[in-house]
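The following exercises ask the student to read a protein structure step by step. Each task is followed by a worked solution.

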Amino acid sequence: MSSLAERLARPEILALEPFDIAAQANSAFGPDAIKLDANENPFSPLSDGPLAAGLNRYPEPQPARLTRALAALYNVVPENLVVTRGADDAIDVLVRAFCRAGEDAVAIPSPTFSAYAHFARLQGARIISVPLGSEFEFVPADYVAALRDAPGLKLAFICSPNNPTGNAVAPEQVLEVADRLLDTIVVLDEAYLEFASVPSLAAEAAKRPNLVVLKTLSKAFGLAGARVGCAIGNPELIAIAARALPPYPLPSLSVEAAMAALAPYRRPIHEERIARIIAERERMAPLLAASPIVRSVRTGGGNFLFLQVEEPQVLAEKLRGLGIRARFRPNAAPGGVRLTIGSEGENAVALAAFGVPAASAPDRRAELVRETKETKIAVAVDLDRATPRRIETGVPFYDHMLDQVAAHGEFSLILTCAGDLDIDAHHSVEDCAIALGSALSRALGERRGIGRFGFTLPMDEAQAQVLIDLSGRPYSRFEGSFEASHIGAYPTEMTSHVFRSLADSMNAAIHVKVEGENDHHKTEACFKAFGRALRQAVRHEGDPALAPSTKGVL
Ligand SMILES: *Cc1c(COP(=O)(O)O)cnc(C)c1O
């Protein structure tokens, strides 16, 4: 018995010979083989930099490491997944693999993402449009009733959270449709799922004959320009869909960008960005609802809000004047506007267009990655928030110390390090200090409205004094010594190094003096006192426009 996917596939797709590419013909060779098989140019591009390396070669059609990384991300195995140029491409590939022009049909809820209908038309497939409920809610019984007995129905799309209305569809409802339309492939588009509170059905799609889940790195991972997404389903169905791809769909540069974004040590920062976007969405919704020109606000599971406004032309004019792009969606709802959640600064401008006064939020935040052969570090600091704090340097005692700095400094810190701990903790400890200092320096920006401070802290018998001047000039002084060579995996000799690295990378003078009996107490007292001194030094006080120096700049 053939699989459902084989029965539904276009006969031409099943008959298609796999594209005759050099990679397949010569797959027995190792990476060192002399490549005279693909009419490539032997010379790399003239430009410098790591990205240019290897660009004269054709990419892997389905890069194994990216497939593995995406499979791990979505909790399936590589056979369940075909990588595409964004989820858009996955929609196109599915329609072309399954729909015969002039004969087959796709079902599309309305209103929803316009690409489903676009690619259906392109392929000559019939479109069965099924209205969502009065509040744009997805009603499985209505969808199934409208589609029962529709001849040649190959694909039924469901977008959750729905673009542009934002509402998420409960997984049980999607599965109900899949259970009742057994001869149709249900395509669940999870492009915005990371911003929603419903769970993914990717792992479920891997097991079912008639469910496919679409994913993209465009939204949650901020990689819209790289064009990387995928379709997830059972291996037979995925193999059939993959036949509709061009021979080399994924540019090497996009693969590199995706691999960098998916590096585990960067995940905490991506998660924090998503949390910030969600928090902004929830903060803005009631503010916009209070606007005199807004009739309704829908805050669902996406990185956007769906509004209905009184006079869309007037709003359009205002937005144009402020240089703000938004999407007007009159076909979805009268006065419909889809507004993407931007950065805090961008959102403040957008709120102004709706007549909502917004406090101009200071943006003293910085994110950076620092990669060397020895360590890979991602760090995010926000001087105007106390949480979250998440520190994973690989050296537990040092995690505890940096957590003390952030907790006593009252700033948000996310810092992850993948370092060469198999050698020892030295590189990780030092490089984390450099990365933290650089991030703090960047977050301080022009250092307006900040002070210069110090703090003395007793900790049982130990006492530490830290003086900081965020002067713009690095200087470091450390007075004190330790008896033990290590505290856990943390080498005590690194403490003075850490403060020197911080001084250098923050462009600050940092003086540390510590005395006492117990090395753990002494070390902890240094980090805590540093956090306290930093908290005073970065606090907003005085005239926000002035740097706290008679020179006028720091
Ligand atoms: C943005 C979007 C996509 C397309 O994402 P890409 O991966 O950038 O092609 C797919 N589905 C929906 C609902 C979207 O809004």
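The exercises below concern a predicted model.

**Exercise 1. The surroundings of the ligand**

Task: Determine how many residues surround the ligand, and state how they divide into nonpolar, polar and charged.

Solution. Step 1: The ligand is surrounded by 14 residues. The closest are A87, D189, T216, S218 and K219. Step 2: By type, the shell contains 6 nonpolar, 4 polar and 4 charged residues. Step 3: Helix α5, which spans residues 86-98, supplies the largest share of this shell, namely 3 residues.

**Exercise 2. Polar contacts of the ligand**

Task: Identify which atoms of D88, D189 and S218 approach the ligand, and give the distances.

Solution. Step 1: Consider the backbone. A backbone N or O atom of D88 is 2.9 Å from an oxygen atom of the ligand. Step 2: Consider the side chains. D189 places a polar side-chain atom 2.5 Å from a nitrogen atom of the ligand, and S218 has a polar side-chain atom 2.6 Å from a ligand oxygen atom. Step 3: Consider the cover as a whole. On its own the ligand has 380 Å² of accessible area, of which the protein covers 94%.

**Exercise 3. Two pairs of helices**

Task: Describe how α5 is arranged relative to α6, and how α17 is arranged relative to α18.

Solution. Step 1: Recall the two quantities required. A pair of packed helices is described by the angle between the axes and the distance between them. Step 2: For α5 and α6 (residues 115-123), the axes come within 9 Å and cross at roughly 40 degrees. Angles under 35 degrees count as roughly parallel, and those of 65 to 115 as roughly perpendicular; α5 is therefore oblique to α6. The crossing of α5 with α6 is right-handed. Step 3: For α17 (residues 494-506) and α18 (residues 519-538), the axes come within 11 Å and cross at roughly 20 degrees. These two helices are therefore roughly parallel to each other. The crossing of α17 and α18 is right-handed.

**Exercise 4. Backbone exceptions**

Task: Locate the cis peptide bonds at P161 and P388, and state where R227 lies.

Solution. Step 1: Recall the general pattern. Most peptide bonds are trans, and most residues other than glycine have a negative phi. Step 2: The bond from S160 to P161 is cis, with omega near -10 degrees. P161 is found in the loop between β4 (153-159) and α8 (171-180). Step 3: T387 and P388 are joined by a cis peptide bond with omega about 0 degrees. P388 belongs to the loop between β13 (375-382) and β14 (389-392). Step 4: R227, a residue other than glycine, has a positive phi near 60 degrees. R227 lies in the loop between β6 (211-216) and β7 (229-232).

Technical notes:
Residues numbered from 1 in each chain as written. Predicted model: local features only at pLDDT ≥ 70, side-chain atom pairs only at ≥ 80, totals over all residues. Heavy atoms only, no water. Near = heavy atom within 4 Å. Polar contact = N/O pair within 3.5 Å; in protein donor to acceptor, adjacent residues only side chain to side chain. Areas by Shrake-Rupley, 256 points an atom, 1.4 Å probe, with all protein chains shown as cover. Helix = DSSP H or I, 4+ residues; strand = E, 2+ residues; numbered from the N terminus. Nonpolar A, V, L, I, M, F, W, Y, C, P; charged D, E, K, R; others polar. Axes fitted to C-alpha atoms, helices over the stretch in contact; angles between N-to-C directions. Parallel < 35°, antiparallel > 145°, perpendicular 65-115°, else oblique. Left-handed = near helix turned anticlockwise from the far one by under 90°.
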